[in-house]
Amino acid sequence: PCRDDLARAAQKYFNRTGWAAEIGVFVGKFAQQNLLHWEGRYYMIDAWAFRPNDGTDKNFEDDATNEQHRRMAVDSVHFARGRGW
């Protein structure tokens with residue numbers, strides 16, 4: 001098993017509340033993959049903002065770039081009809 005199996009396993013074995021969260025979403029590719037299998041609500045958590053004391057990985061000073069990444073994440077789960085937040 002790998003992280004690609006997480007949503008299937010969570011749906012089958014650990015679905016107690018119907019809620020799941022992903023921390024560090026960036027543009028939503030993993031969220032999109034998870035929502036193909038997860039049937040409950042899915043909360044996407046990310047800064048989508050510059051973090052001055054953090055490294056350079058996915059850390060952009062430009063607000064427009066961060067907003068673009070946030071919109072890409074939201075758009076990536078549009079098919080889930082309101083289950084992805």
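Hi everyone, I'll walk you through the salt bridges, two backbone angles and one helix residue in this predicted model.

Some ground rules: local features need pLDDT of at least 70, side-chain atom pairs count only at pLDDT 80 or more, and totals for chains, interfaces and linings use all residues. Residues are numbered from 1 along each chain as its sequence is written, and side-chain values use heavy atoms, with hydrogens and water left out.

Let's start with salt bridges, meaning a side-chain nitrogen of Lys or Arg within 4 Å of a carboxyl oxygen of Asp or Glu. The whole structure holds five. One of them joins D54 to R51, at 2.7 Å from N to O. Another pairs D5 with R8, at 3.4 Å. D5 is partly exposed at 28% relative accessible area; that term covers values between buried (under 20%) and exposed (over 50%), with a 1.4 Å probe and protein chains only.

Now to helix 3; helices here are DSSP runs of H or I with at least four residues, strands are runs of E with at least two, and both are numbered from the N terminus. R71 and E67 sit four residues apart in this helix, so about one helical turn separates them. Their closest N and O atoms are 2.9 Å apart, and R70 joins these two in a salt-bridge network.

S76 belongs to helix 3, residues 63-76, and is buried at 10%. Beyond its neighbours within four places in sequence, S76 contacts (heavy atoms within 4.5 Å) V27, G28 and Q32.

Finally, the backbone. Most residues other than glycine have a negative phi. W48, though, has a phi near 45 degrees, and R81 one of about 50 degrees. W48 is buried at 18%, whereas R81 is exposed at 76%.

Note on methods: Contact = heavy atoms within 4.5 Å.
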